[in-house]
Amino acid sequence: MKSITFNQQTTSAIGIGTWHIGEGNQQRTTSEMAAIKYGLDHGINVIDTAEMYGEGLSETLIGNVIKDYQRDSFQLISKFYPYHATPKLIQTSLENSLKRLKTDYLDVYLLHWRGNTPLGETISGLEQMVQKGLIKNWGVSNFDFDDLQELISLPNGKNCRLNEDLYNIGSRGIEYSILPWQKQQQMSFVGYSPFGSDGSEYLQIKPVLKEMAQQKHVTVHQLLLAWVLRNHDLLSIPKTASVEHMKSNIAATEINFTADELELLDQSYPKPKHDGLETI
Ligand SMILES: NC(=O)c1ccc[n+]([C@@H]2O[C@H](COP(=O)([O-])OP(=O)(O)OC[C@H]3O[C@@H](n4cnc5c(N)ncnc54)[C@H](OP(=O)(O)O)[C@@H]3O)[C@@H](O)[C@H]2O)c1
């Protein structure tokens, strides 16, 4: 398994995405739990969730898995709604998440996206949670370059440990300035939806991907994930409810590209020419 420096620690290059997990019937739940366990047992040591995911169902399922693991053997990220971004509501959301996750701290707690609460208030609430020992660090999600500049100009804003944005071969906007800037600031980057999420509406699979996957004896999904990881400085968080897919995603972290292959992919999925944060 490829490893990276994430949140100032060495972690697996992929984390476990968990949107839509815990929302199905017993059979599905069993399969989702088995997939997460497989991931944790085979070197993945970051899990990403949110209070939004199934209104707590994702966190509840994760709690039922991680209770059997040593807490410091993995990092846990969760997120709160922008309308819970005041100090008082952050604490309530966090305590509810911790209860569902059956743990007493998060490694990183994220503002899921920007809302109406002034950022300074949110930072202050998050810093209080760090002081209380309920979170180790905090970060943000779906922030564009300007949002990030505003954030770090505020008191304690530079304590932001990570930003999580959409990143896959069809959505490359963050490569323009967000990714290099975060690297320079030593602010970790988490790229979500490496496969373009559940449907084809977010990511068009062009013939070049199918042909290259065939030539390299891998699947298109493996190629998509390996492409995101070609850059060693970010964490990608694919979601899967299947042990087979989890296995395949772990194997994908070992796939490398030649310069010619990357150039060929750039022709069909061009590098960004301007800033442009996309979201799902
Ligand atoms: N911060 C944010 O605003 C934000 C937004 C979106 C997502 N996220 C996070 O990022 C995670 C990943 O994004 P996502 O859930 O949108 O989508 P994704 O990981 O891009 O794609 C998930 C889809 O890919 C399928 N899949 C996974 N591995 C596969 C494989 N090896 N072969 C074939 N199909 C495979 C899954 O089906 P199976 O389950 O059947 O394998 C599922 O349909 C989320 O779960 C969440 O944790 C964060």
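**Exercise 1. Into how many nonpolar, polar and charged residues does the shell around the ligand divide?**

Step 1: The shell divides into eight nonpolar, 13 polar and five charged residues, where Ala, Val, Leu, Ile, Met, Phe, Trp, Tyr, Cys and Pro count as nonpolar, Asp, Glu, Lys and Arg as charged, and the others, Gly among them, as polar.

Step 2: The model is predicted, so that local features need pLDDT of at least 70 and side-chain atom pairs count only at pLDDT 80 or more, while totals for chains, interfaces and linings use all residues. Residues are numbered from 1 along each chain as its sequence is written, and side-chain values use heavy atoms, with hydrogens and water left out.

Step 3: In total 26 residues surround the ligand, each with a heavy atom within 4 Å of it, and the closest are Asp-48, Ser-197, Asp-198, Thr-240 and His-245.

**Exercise 2. Find polar contacts of the ligand, and state how much of its area the protein buries.**

Step 1: A polar contact here is a pair of N or O atoms within 3.5 Å. A backbone N or O atom of Trp-19 lies 2.8 Å from a ligand oxygen, a polar side-chain atom of His-112 lies 3.3 Å from a ligand oxygen, and a polar backbone atom of Gly-196 is 3.4 Å from one.

Step 2: Taken alone, the ligand exposes 900 Å², and the protein buries 90% of that, by the Shrake-Rupley method with a 1.4 Å probe.

**Exercise 3. In which order do the eight strands of the open sheet stand?**

Step 1: The order is 3-4-5-6-7-8-9-10, with parallel pairing, strands being DSSP runs (E, at least two residues) numbered from the N terminus, and two of them pair if DSSP finds at least two bridges between them.

Step 2: Strand 3 (16–17) and strand 10 (234–236) are the edge strands, each pairing on one side only.

Definitions and conventions. A polar contact is a pair of N or O atoms within 3.5 Å; within protein, one must be able to donate a hydrogen and the other to accept it, and residues adjacent in sequence count only if both atoms are side-chain atoms. Helices (H or I, at least four residues) and strands (E, at least two) are DSSP runs, numbered from the N terminus.
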